[in-house]
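Grab a coffee and open the viewer: here are some exercises to work through with the model in front of you. Try each task before you read its solution.

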Amino acid sequence: MTSRPRLTLSTIVLDAPDAHELAAFYQRLLGWEVEREESDWVKIVPPGGGPGLSFQTEADYVRPAWPAVPGAQQMMMHLDIEVDDLDSASALARAAGAALSDHQPEDDTRVHFDPAGHPFCLWVRS
């Protein structure tokens with residue numbers, strides 16, 4: 001039997017038309033610091049360690065449609081961010097540059113779009 005190699009999730013990558021712009025938004029939202037920055041790549045990390053978020057410039061990036069629309073670019077993933085105060089966190093997200101979605105499927109969650117159109121959810125534990 002061969003040993004299993006060590007696998008560690010180090011980052012989650014979001015494509016964007018401008019990696020630096022999207023990284024700056026998530027820095028404002030989360031309060032995380034830049035760990036690595038290149039011309040088309042930025043990685044931010046949480047202060048306590050753990051997987052970070054990376055942003056890659058993609059010249060052919062297409063904003064996803066959410067809720068899903070047949071024939072449109074589909075959302076590939078989204079971020080869930082637990083908060084202790086939904087209204088305050090939603091206000092912070094909007095001040096940082098997010099847009100609130102018109103469609104809100106649950107009372108304990110607020111769906112927003114980052115500046116590149118990726119949906120993300122702020123949610124409170126019930």
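**Exercise 1. Find the helix that holds Ala93, and decide whether Ala93 is buried or exposed.**

Step 1. Ala93 sits in helix H2. Keep in mind that you're looking at a predicted model.

Step 2. Check the accessibility. Buried means under 20% relative accessible area, and Ala93 comes in at 0%, so Ala93 counts as buried.

Step 3. Now look at what surrounds Ala93. Skipping neighbours within four places in sequence, Ala93 is in contact with Phe25, Leu29, Ala98, His112, Phe120 and Leu122.

Step 4. Try a distance too: Ala93 and Asp114 are 21 residues apart along the chain, and their C-alpha atoms are separated by 8.6 Å.

**Exercise 2. Work out which residues of H2 are buried, and what covers them.**

Step 1. List the buried ones: Leu86, Ala89, Ser90, Ala93 and Ala96.

Step 2. Look down the helix axis. The buried residues of H2 fall within an arc of 125°, so they line one face of the helix.

Step 3. Turn to the other side of H2, where Asp87 and Ala95 are exposed.

Step 4. Find the cover. What packs over the buried residues of H2 includes helix H1 (19–30), strand S6 (99–100), S7 and S8.

Step 5. Inspect the ends. At the start of H2, a side-chain oxygen of Asp85 comes to within 3.1 Å of the backbone nitrogen of Asp87. Just after H2, Gly97 takes a positive phi of about 125°. Most residues other than glycine have a negative phi.

**Exercise 3. Ser90 has a polar side chain contact: which residue is its partner?**

Step 1. Place Ser90 first: H2 covers residues 86–96, and Ser90 is in that helix.

Step 2. Check burial. Ser90 has a relative accessible area of 5%, so Ser90 is buried.

Step 3. Follow the side chain. A polar contact of 2.9 Å links the side chains of Ser90 and His112.

Step 4. Fill in the rest. Leaving out neighbours within four places in sequence, Ser90 is in contact with Leu100, Arg110, His112 and Leu122.

**Exercise 4. Decide whether Lys43 is buried or exposed, and list what Lys43 touches.**

Step 1. Lys43 lies in strand S3, residues 41–45.

Step 2. Don't let the residue name settle it for you. Lys43 has 13% relative accessibility, so Lys43 counts as buried.

Step 3. Not counting residues up to four places away in sequence, Lys43 touches Ser10, Thr11, Glu33, Val34, Glu35, Arg36, Gly52, Leu53 and Ser54.

Step 4. Pick a partner from another part of the sequence: Lys43 and Val13 are 30 residues apart in sequence, yet 8.5 Å apart in space, C-alpha to C-alpha.

**Exercise 5. Describe the two largest pockets and their linings.**

Step 1. Start with the largest pocket, which holds about 200 Å³ of space. Of the 13 residues that line this pocket, the closest to its centre are Asp15, Tyr61, Pro64, Met76 and His118.

Step 2. Sort that lining by type: 8 nonpolar, 3 polar and 2 charged residues.

Step 3. Go to the second largest pocket, with about 160 Å³ of space. Its lining is made up of Trp66, Met75, His78, Asp80, Pro105, Glu106, Asp108, Thr109, Val111, Pro119, Cys121 and Trp123.

Step 4. Sort this lining as well, and you get 7 nonpolar, 2 polar and 3 charged residues.

Step 5. See which elements contribute. Strands S7 (109–113) and S8 (119–123) each supply at least two lining residues to the second largest pocket, and the largest share, 3 residues, comes from S8.

**Exercise 6. Track down the cis peptide bond between Trp66 and Pro67.**

Step 1. Find Pro67 in the loop between strand S4 (52–57) and strand S5 (79–82).

Step 2. Read omega for the bond joining Trp66 and Pro67: omega is about -5°, and the bond is cis. Most peptide bonds are trans.

**Exercise 7. Sum up the whole chain: how many helices and strands are there, and in what order do they run?**

Step 1. Count 2 helices and 8 strands.

Step 2. From the N terminus on, the order is β-α-β-β-β-β-α-β-β-β.

Step 3. Add the overall figures. The C-alpha trace spans about 50 × 35 × 35 Å along its principal axes, and 36% of the 126 residues count as buried.

Step 4. Finish with the contacts: among those between residues at least 6 apart in sequence, 50% join residues at least 24 apart.

Conventions. Residues are numbered from 1 along each chain as its sequence is written. This is a predicted model: local features need pLDDT of at least 70, side-chain atom pairs count only at pLDDT 80 or more; totals for chains, interfaces and linings use all residues. Side-chain values use heavy atoms; hydrogens and water are left out. On a 1 Å grid over the protein atoms alone, a cavity is a set of points where a 1.4 Å probe fits but cannot get out, and a pocket is an open set with protein on both sides within 12 Å along at least five of seven lines; lining residues have an atom within 4 Å of a point. Grid points are joined across faces, edges and corners, and a volume is the space filled by probe spheres set on the points. Ala, Val, Leu, Ile, Met, Phe, Trp, Tyr, Cys and Pro count as nonpolar, Asp, Glu, Lys and Arg as charged, and the others, Gly among them, as polar. Helices (H or I, at least four residues) and strands (E, at least two) are DSSP runs, numbered from the N terminus. Buried means under 20% relative accessible area, exposed over 50%, partly exposed in between (1.4 Å probe, protein chains only). A polar contact is a pair of N or O atoms within 3.5 Å; within protein, one must be able to donate a hydrogen and the other to accept it, and residues adjacent in sequence count only if both atoms are side-chain atoms. Contact means heavy atoms within 4.5 Å. The arc is that of the directions from the helix axis to the C-beta atoms.
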